[in-house]
Amino acid sequence: AVGIIGRNGAGKSTLLRLLSDVYPATTGTVRVAGEVSPMFDAMLGMSMDATGIENIWICGRLWGLSPGQIKNSLDDISDFTELGDYLNVPVRTYSTGMLLRLAFAIATVRDPEILLLDEVVGVGDAAFFEKAFNRLQGIIRRSQILFIASHSDDILRKICNKAIWLDHGNMVQYGDFEEVIAAYRGQSI
């Protein structure tokens, strides 16, 4: 689990997009061995006129889930979102928080080989954030490799054992998370 750290504009998101083949490399090469599963926009593919249940099917297929996986995940997604009967109405009637809960629940039922996260998703109040963070840790455990870009040392510390420090698109340091974060923060271990 590799945390990507650096100031705004350091190249964190760009590195993730290079790894996911969203951006082509302008110099050098990028070699990835395995199936990359980016989680940059959990609301990707949501249809505002479809119901919550219909969006589970639509987005589930877009995330690469089979019909069987979606069917087996319906109860889990419903329970996690706490949306109840709202799952049967068009999502255009949802609040932003409700939309994010649904999108996050759908996106986190996958079993990715290489998971790429750009900042941790905020999905509601403090109590629900804790529930969402626990679910996020589940998808992280199910992945074989994780790259996560974040400005939150606390979140990265809970998840990562390695870190990459970027500055203006250049790698300054790679190694043990605590060593890299200490160097980045200008502290000694």
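For the pocket linings on this tour, Ala, Val, Leu, Ile, Met, Phe, Trp, Tyr, Cys and Pro count as nonpolar, Asp, Glu, Lys and Arg as charged, and the others, Gly among them, as polar. The model is predicted.

**Stop 1: the largest pocket**

Select L15, L18, L19, T29 and V30. Of the 19 residues that line the largest pocket, these lie nearest its centre. The space inside comes to about 460 Å³.

Now colour the lining by class. The count is 13 nonpolar, 5 polar and 1 charged.

Which elements build this wall, with at least two residues each? Show helix α1 (12-19) along with strands β3 (114-118), β4 (145-149) and β6 (170-176); each of them supplies at least two lining residues. Then keep α1 alone on screen. With 4 residues, α1 gives the most to the lining of the largest pocket.

**Stop 2: the loop after α1**

Move on to D21. D21 sits in the loop between α1 and β2. Check its backbone: phi is near 65 degrees, a positive value in a residue other than glycine. Is D21 buried or exposed? The cut-off for exposed is over 50% relative accessible area. D21 has 65% relative accessibility, so D21 counts as exposed.

**Stop 3: strand β2**

Select residues 36-39, which form strand β2. Colour the two faces separately. S37 and M39 make up the covered face, while V36 and P38 make up the uncovered one.

Add β3 to the view. β2 and β3 run parallel, joined by 4 bridges. Which residue of β3 stands opposite S37? Look across from S37 and you reach L115.

**Stop 4: the second largest pocket**

Keep β2 selected. β2 gives the most to the lining of the second largest pocket, with 4 residues. Add W63, G64 and R110 to V36 and S37. These five are the residues nearest the centre, out of 17 in the lining. The volume of this second pocket is about 340 Å³.

Colour by class again. Here the lining divides into 9 nonpolar, 3 polar and 5 charged residues. Set that beside the largest pocket, where the lining has 1 charged residue.

**Stop 5: the loop before β6**

Finish at H168. Look between β5 (162-167) and β6; H168 lies in that loop. Its phi is near 50 degrees, again a positive value in a residue other than glycine. Why does H168 count as exposed? Because its relative accessibility is 66%, and exposed means over 50%.

How values were computed: Residues numbered from 1 in each chain as written. Predicted model: local features only at pLDDT ≥ 70, side-chain atom pairs only at ≥ 80, totals over all residues. Heavy atoms only, no water. 1 Å grid on protein atoms, 1.4 Å probe; cavity = no way out; pocket = protein on both sides within 12 Å on 5 of 7 lines; lining within 4 Å. Points joined across faces, edges and corners; volume = space filled by probe spheres on them. Buried < 20%, exposed > 50% of the residue type's maximum accessible area, 1.4 Å probe, protein only. Pairing = 2+ DSSP bridges.
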